[in-house]
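Got your viewer open? Load the model, switch to cartoon view and follow along, one selection at a time.

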Amino acid sequence: MTEDGHDEGDHADGDDGGHAHDPEREEFHHDPVGHAEVRAGMTVGELADEYGDAGVGAATLHEAVDIYADMLGDEVTNFVGLAGAMVPTGMRRIVADLIRDGHVDALVTTGANLTHDAIEAIGGKHHHGRSEHPDMTEREHDETLRAEGVDRIYNVYLPQEHFALFESHLRDRVFPPLAQQESVSIADLCAELGRANAEVNDEEDIAEGPGIAAAAWENDVPIYCPAVQDSVLGIQAWIYSQTSGLTLDALGDMTGLNDLAHEADSSGALVVGGGVPKNFVLQTMLVAPDAYDYAVQLTMDPPHTGGLSGATLDEARSWGKLEPAARNVSVYADATITLPLLVAAARERIGE
């Protein structure tokens, strides 16, 4: 007991030692971390809500759902950057459905994703494999796959005959009408690819859907592929150009994409992976009167290396690519895990 009759542990102001109301502790808002509850039968949206009580990556994914749901629900012009091996790893239908449901106004992707998308559209399939063999070194495993005519993307296999099928598809269905024109943009190439994919998919009644490029063509959504040369699609376009009039205009896409950004009253960016698609989506706002109001990034690349792919969206704000008051978040995790969760929870949030 003290001389005034109080226990030494008592505090007359009842404020937990005075720290709870200390004006110097600006970051302390009595918002304790909760413990996520999971139960049988809960929806993806309910799980995302539980993430909001937790910390670290769970909290950022919850914030991403909040932002992306507003991007889908408001009158927002949505730009999507799609890098990485998202098609061969099974994310194809998610993106195609977003396009069909009006949630993508422009897609920027890689020639690789377009190549694998077309392979599925015309009858090829990717297969579950493994990243290593228990009885071989990794090198021996890949040498065996090479001898058997199988290409590996981590734990996904693709028989090389599917590339031969794709190359015939390009020469027979895609390139000839483009070669009749003086010059075509890469977006025109992507549209023609989507048309041909849809046509073959329907003619041959292929079980797998026509895919991303076909959905974009059917819904007048432009696809931009600024590094198309860096893919089988680009290699085949170059080979075909050697004996035909096929000419791609690399700058031809800039007008349509920049006009879309210029005319947007409100704009959002969903950036899956990094590289050229990420930069092409974000740099568009450098020539627009405004910048992005919303942005969500899904990546595994860390920001501390200084590379573009892991750079935070807050860093993009310093370049004028995001509005000062933009709502944005970067989620650092495997996009094959986070993209389905993000899209499913956001769709649930807006009642789809």
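Which residue stands opposite His-127 in S5? Select His-127 and look across to the neighbouring strand: the residue facing it there is Tyr-157. Keep in mind as you click around that this is a predicted model.

**Stop 1: the open sheet**

Stay where you are and colour three strands: S3, S4 and S5. They make an open sheet, arranged in the order S3-S5-S4, with antiparallel pairing. S3 and S4 (150-153) sit at the edges with a single partner strand each, so one side of each has no neighbour in the sheet.

Now check the two pairings. S3 and S5 (residues 156-159) are held together over two bridges, in the antiparallel sense. Between S4 and S5, which also run antiparallel, you'll find four bridges. Pick Ile-153 and you'll see Val-156 of S5 opposite.

Next, zoom in on the turn of that hairpin. S4 and S5 have two residues between them, and Tyr-154 takes a positive phi near 55 degrees.

**Stop 2: a histidine in a loop**

Select His-133 and show its side chain. You're now in the loop between strand S3 (127-128) and helix H5 (138-148). Is His-133 buried or exposed? His-133 counts as buried, because its relative accessible area is 18%, under the 20% cut-off.

What does its side chain touch? Show Arg-130 too: the side chains of His-133 and Arg-130 are joined by a polar contact of 3.1 Å. Then show the backbone of Asp-135, whose nitrogen is reached by the His-133 side chain at 3.0 Å.

**Stop 3: three parallel strands**

Move along the chain and select S10 (residues 292-299). Why is S10 described as largely enclosed by the rest of the structure? Because seven of its eight residues are buried.

Add S9 (residues 267-272) to your selection. S9 and S10 pair in the parallel sense over five bridges, and Ala-269 stands opposite Ala-295 in S10. Trace the chain from S9 to S10 and you'll pass through helix H11 (residues 275-283), making a right-handed β-α-β crossover.

Now add S11 (residues 322-332). S10 pairs with S11 as well, again in the parallel sense, over seven bridges. Try clicking Gln-297: its bridge partner in S11 is Ser-330. Here too there's a helix to follow, since S10, helix H12 (residues 313-318) and S11 make a right-handed β-α-β unit.

While you have strands on screen, turn on the side chains. In a regular strand, they alternate between the two faces of the sheet.

**Stop 4: a nonpolar patch on the surface**

Switch to a surface view and select Ile-235, Trp-238 and Ile-239. Together they form a nonpolar surface patch with about 320 Å² of accessible area. Trp-238 belongs to helix H9 (residues 232-241). Trp-238 is exposed because its relative accessible area is 54%, and the cut-off for exposed is over 50%.

**Last stop: the whole chain**

Zoom out and clear your selections. How many helices and strands does the protein chain have? There are 13 helices and 11 strands. The C-alpha atoms fill a box of roughly 100 × 60 × 40 Å along the principal axes. Finally, colour by burial if your viewer can do that: of the 352 residues in the protein chain, 45% are buried.

Terms used. Residues numbered from 1 in each chain as written. Predicted model: local features only at pLDDT ≥ 70, side-chain atom pairs only at ≥ 80, totals over all residues. Heavy atoms only, no water. Patch = residues over 30% accessible without salt bridge, like charges linked within 9 Å, V, L, I, M, F, W, Y side chains within 5 Å. Areas by Shrake-Rupley, 256 points an atom, 1.4 Å probe, with all protein chains shown as cover. Salt bridge = Lys/Arg side-chain N within 4 Å of Asp/Glu carboxyl O. Buried < 20%, exposed > 50% of the residue type's maximum accessible area, 1.4 Å probe, protein only. Pairing = 2+ DSSP bridges. Right-handed = clockwise from strand over helix to strand, strands pointing away. Polar contact = N/O pair within 3.5 Å; in protein donor to acceptor, adjacent residues only side chain to side chain.
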